[in-house]
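Student: I would like a close look at a single strand of this model and at what surrounds it. Please take one strand pairing as the way in and work outwards from there.

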Amino acid sequence: MAIYYSEEHEWVLVEGDTATIGITQHAADQLGEIVFVEQKEEGDEFEKGDEIGVIESVKAASEIYAPVDGEVVAVNGELEETPGKLNESPEGDAWIYKIKLSDAAQLEELMDLDGYKALIG
């Protein structure tokens with residue numbers, strides 16, 4: 001199991017060929033009170049850099065971008081009913097997607113925790 005981070009403030013927890021994707025605590029703090037999450041559906045395929053959802057807060061709307069290529073195998077449906085979970089536990093229970101990785105080599109382009117901490121200062 002390994003965790004990676006993107007410059008778009010997403011975390012990627014990899015177990016085998018499956019990755020769980022969510023937003024970082026830093027992103028949740030920057031967004032403020034989250035009121036809506038728009039998500040892709042199971043079976044949707046995407047490429048790195050594609051917009052794969054939108055998070056709306058009382059302050060702003062922010063797109064979610066795919067940190068790697070993949071196919072959605074599970075969507076966290078709880079976020080539709082209770083989007084505020086992203087404020088409470090963004091790096092825990094409030095994951096957004098589970099995906100099947102198309103190209104695990106892309107993970108090498110992401111950061112580890114130290115790299116991400118350096119990014120956000």
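Tutor: Start with Leu13, whose bridge partner in β3 is Thr20. The model is a predicted one, and what follows describes that prediction. Another pair in the β2 and β3 ladder is Glu15 with Thr18, the latter in β3. In total, six bridges join the two strands, which run antiparallel. The connection between β2 and β3 is a hairpin with two residues between the strands. Gly16 sits in that turn and has a positive phi of about 65°.

On to the next partner of β3. Four bridges join β3 to β9, again in the antiparallel sense. Thr18, the bridge partner of Glu15, also stands opposite Lys100 in β9. These pairings belong to an open sheet of six strands, ordered β1-β2-β3-β9-β8-β5, with antiparallel pairing. The edges are held by β1 (2-5) and β5 (45-46); each has a single partner strand, so one side of each is left without a neighbour in the sheet.

Burial comes next. Five of the six residues of β3 are buried, so the strand is mostly covered. Where do its nonpolar side chains go? In soluble globular proteins, nonpolar side chains tend to be buried together. Here the largest nonpolar core has 26 residues, and Ile23, Ile55, Leu86, Ile96 and Ile99 have the most contacts inside it. At least two residues of this core come from each of β2 (10-15), β3 (18-23), α1 (25-31), β4 (34-39), β6 (51-57) and β9. A separate core of seven residues lies apart from it, with Tyr5, Ala74, Met111 and Tyr116 among them.

Ile99 ties the two themes together. Leaving aside neighbours within four places in sequence, Ile99 is in contact with Thr18, Ala19 and Ile21, as well as with Asp17. The list of contacts of Ile99 also includes Phe46 and the residues Val68, Asp69, Gly70, Glu71, Val72 and Val73.

Two of those residues lead to the loop beyond β9. Gln106 lies in the loop between β9 (97-101) and α4 (113-120). Not counting residues up to four places away in sequence, Gln106 touches Val68 and Asp69, together with Lys48. Is Gln106 buried or exposed? The relative accessibility of Gln106 is 10%, and buried means under 20%, so Gln106 counts as buried.

The helix after this loop has a marked residue at either end. Asp112 caps the N-terminal end of α4, with a side-chain oxygen 3.3 Å from the backbone nitrogen of Asp114. Gly121 follows α4 and has a positive phi, near 65°.

The second sheet completes the picture. It is open and has three strands in the order β4-β6-β7, with antiparallel pairing. At its edges stand β4 and β7 (61-65), each with a single partner strand, so one side of each is left without a neighbour in the sheet. From one strand to the next, the twist averages 20°. β6 and β7 pair over five bridges in the antiparallel sense, and Gly53 stands opposite Ile64 in β7. This sheet is linked to the starting strand through the largest core, to which β4 and β6 each supply at least two residues, as does β3.

Definitions and conventions
Residues are numbered from 1 along each chain as its sequence is written. This is a predicted model: local features need pLDDT of at least 70, side-chain atom pairs count only at pLDDT 80 or more; totals for chains, interfaces and linings use all residues. Side-chain values use heavy atoms; hydrogens and water are left out. Buried means under 20% relative accessible area, exposed over 50%, partly exposed in between (1.4 Å probe, protein chains only). Contact means heavy atoms within 4.5 Å. A nonpolar core is a set of buried Ala, Val, Leu, Ile, Met, Phe, Trp, Tyr and Cys residues joined through side-chain atoms within 4.5 Å. A polar contact is a pair of N or O atoms within 3.5 Å; within protein, one must be able to donate a hydrogen and the other to accept it, and residues adjacent in sequence count only if both atoms are side-chain atoms. Two strands pair if DSSP finds at least two bridges between them. Axes are lines fitted to C-alpha atoms, for helices over the stretch in contact, and angles run from 0 to 180 degrees between N-to-C directions.
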